[in-house]
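Okay, thanks for making room for me today. Let me put the structure up, and then I'll walk you through a few spots in it.

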Amino acid sequence: MKKLDRHQIAARVAQDIPNGAYVNLGIGLPTLVAGHIPKDREIIFHSENGILGLGPKPAAGAEDEDLIDAGKNPATALPGAAYFHHADSFAMIRGGHIDICVLGAFQVSVAGDIANWHTGEADAIPAVGGAMDLAAGAKQVFVTMEHLTKQGESKIVERCTYPLTGLRCVTRIYTDLAVLDVRADGLHVAEIVADIGFEELKRLTGVPLKVRAAA
Amino acid sequence: MIDKIVASAEAALADIPDGATILLGGFGNAGMPSELIDALIAQGAKDLTIVNNNAGNADAGLAALLAAKRVRRILCSFPRQSDSWHFDRLYRAGEIELELVPQGTLAERIRAGGAGIGAFYTPTAFGTRLAEGKETRRIGERDYVLEYPIRGDYALIKADRADRWGNLVYRKTARNFGPIMAAAAACTVAQVREIVELGALDPEVIVTPGIFVQRVVRLEAMRKAA
């Protein structure tokens with residue numbers, strides 16, 4: 001099966017981010033989205049440690065220990081950027097000011113529940129960071145993930161079996177096989193991005209899917 | 001004359017008792033008051049409760065304080081890191097108590113602590129493991145979790161410049177928890193790179209007004225920065 005790689009998933013997400021949006025990118029695959037934004041769009045990236053107007057990685061030798069991103073990597077600030085403290089930063093998130101956040105996930109349910117912070121293993125050291133705030137507060141929550149686990153099980157499920165990050169918050173799912181919208185009446189397939197048909201996608205996903213009505 | 005400038009980190013931290021709750025600034029190493037933490041380790045206070053976003057990186061700063069076994073309890077949002085080995089070992093051995101708090105809830109609880117708020121409702125974490133046992137309430141169309149403020153006996157923070165009234169400005173993302181922690185502690189100690197004359201900081205750009213700061217220490221080690 002021909003399917004999208006990580007960069008292609010990120011590029012597909014980038015297509016859906018409109019000019020002027022305030023966007024928070026999670027760690028991992030979501031971070032790649034910034035590199036794929038079409039050149040004619042001006043997008044303002046928020047980093048929850050206290051920047052609006054996050055820029056690309058600094059050149060080697062130009063790192064500043066006081067200027068890092070949420071992944072604690074060296075960062076830059078674009079002209080027009082602003083710095084702020086943590087309560088302001090999370091007021092932007094929790095107060096519904098961030099237009100889109102892009103998160104990775106272990107599982108997403110048909111109702112839009114997301115599990116992405118804890119494997120559920122008893123001896124795992126838990127860490128949550130800003131994931132629950134983003135899930136609860138961003139206007140739109142996009143999830144990027146591989147459609148299937150290494151064992152071939154669907155990560156899109158009826159009910160999440162991993163510990164939840166947020167309930168009914170995911171609006172769109174981007175996988176290596178498809179783009180799906182989470183709606184009140186279930187999951188709608190917006191686009192199949194692998195070389196498979198709807199029936200095969202439905203079989204692999206294992207939950208009811210609808211074909212999106214013409215927009 | 002008001003003069004909050006203290007001669008050394010040692011003098012600034014001398015009265016911290018065992019069992020104190022300390023708000024520690026910093027997100028990773030940005031804004032971490034490393035020299036104050038070193039002085040706290042030397043001072044010897046133990047059985048501490050620490051509030052920080054993380055649980056230490058590598059072997060310095062907060063990680064060194066944990067390794068010295070001075071911390072009984074830690075409140076943070078993201079303890080697990082590739083280099084959080086001191087915390088990981090203590091946690092697995094049951095030698096440190098962890099209260100895991102979503103990052104925005106942590107920030108807002110600290111802000112509430114400094115602002116005299118009794119408690120607040122937030123939608124963050126509703127329906128998750130981190131809301132188990134907490135009071136919840138439906139307001140309008142949403143479900144919320146009741147969260148209580150965090151206050152510290154001390155806050156140890158890092159800023160860029162200060163004056164003798166304790167007014168502070170920060171540098172880039174090193175600001176992070178500094179302003180809210182300063183307000184939420186009974187005694188806030190700021191380590192700074194530079195102390196300037198009263199009036200030299202533009203009142204329009206002061207980030208933390210001196211009312212929230214009790215002690216300022218200028219540290220030689222920070223002068224190389226910027």
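One bit of vocabulary before we start: when I say two residues are in contact, I mean that their C-beta atoms, placed from the backbone, lie within 7 Å. And please keep in mind that this is a predicted model.

So, with that in hand, let's look at helix α1 of chain A, residues 6–15. The buried residues there are I9(A), A10(A) and V13(A). If you look down the axis of α1(A), those buried residues fall within an arc of 100°, so they line one face of the helix. And what sits over them? Among the elements covering the buried residues of α1(A) are three from chain A: β5 (100–104), β8 (140–144) and β10 (170–174).

Now over to chain B, and helix α2, residues 34–43. Here the buried residues are S34(B), L36(B), I37(B), A39(B) and L40(B). The cover over the buried part of α2(B) includes α1 (9–13) and α3 (62–67), along with the strands β8 (152–162) and β10 (185–195), again from chain B. Right after α2(B) ends you get to G44(B), which takes a positive phi of about 100°.

Okay, next up, the place where the chains meet. How many residues does each chain put into the contact? Chain B gives 36 residues and chain A gives 30 residues. On the chain B side, α4 (85–92), α5 and α6 (178–184) each supply at least two residues. The largest share of that side comes from α5(B), with five residues. As for chemistry, the residues of chain B that touch chain A split into 16 nonpolar, 12 polar and eight charged.

Let's zoom in on α5(B), then. Helix α2 of chain A, residues 86–94, packs with helix α5 of chain B, residues 103–115, at an angle of about 125°, and the axes are 9 Å apart. That angle makes α2(A) oblique to α5(B). The crossing of α2(A) and α5(B) is left-handed. If you want to click on the residues yourself, go to H86(A), A87(A), F90(A), I93(A) and R94(A) in α2(A), which meet Q103(B), G104(B), A107(B), E108(B) and R111(B) in α5(B). Sort the residues of that helix contact by type and you get four nonpolar, three polar and three charged.

While we're on chain B, have a look at L90(B), which lies in helix α4. Is L90(B) buried or exposed? It counts as buried, because L90(B) has 20 C-beta neighbours inside 10 Å, and 20 or more is what it takes. Leaving out its neighbours within four places in sequence, L90(B) is in contact with L66(B), E95(B) and I96(B). L75(B) is 15 residues from L90(B) along the chain, and their C-alpha atoms are separated by 14 Å.

A couple of backbone oddities now, both lysines. In chain A, K72(A) has a phi near 65°, which is a positive value in a residue other than glycine. You'll find K72(A) in the loop between β3 (51–54) and β4 (77–83) of chain A. K72(A) counts as partly exposed, with 18 C-beta neighbours inside 10 Å. In chain B, K172(B) also isn't a glycine, and its phi is positive too, near 50°. K172(B) lies in the loop between β9 (168–169) and α6 of chain B. K172(B) is buried, with 21 other C-beta atoms within 10 Å.

Last stop, two more residues in chain A. First, K210(A), which is in strand β13, residues 209–211. K210(A) is partly exposed, with 15 other C-beta atoms within 10 Å. Which residues does K210(A) contact, leaving aside its neighbours within four places in sequence? Those are G186(A), L187(A), H188(A) and V189(A). For a sense of scale, K210(A) and L164(A) are 46 residues apart in sequence and 25 Å apart in space, C-alpha to C-alpha.

Then there's T161(A), in the loop between β9 (156–157) and β10 of chain A. T161(A) counts as exposed, with 11 C-beta neighbours inside 10 Å. From T161(A) to G26(A) is 22 Å, C-alpha to C-alpha, and the two are 135 residues apart in sequence.

That's what I had, so over to you.

Notes:
Residues numbered from 1 in each chain as written. Chains lettered and ligands numbered in written order. Predicted model: local features only at pLDDT ≥ 70, side-chain atom pairs only at ≥ 80, totals over all residues. Axes fitted to C-alpha atoms, helices over the stretch in contact; angles between N-to-C directions. Helix = DSSP H or I, 4+ residues; strand = E, 2+ residues; numbered from the N terminus. Parallel < 35°, antiparallel > 145°, perpendicular 65-115°, else oblique. Left-handed = near helix turned anticlockwise from the far one by under 90°. Nonpolar A, V, L, I, M, F, W, Y, C, P; charged D, E, K, R; others polar. Buried ≥ 20, exposed ≤ 12 C-beta atoms within 10 Å, placed from the backbone. Arc of directions from axis to C-beta.
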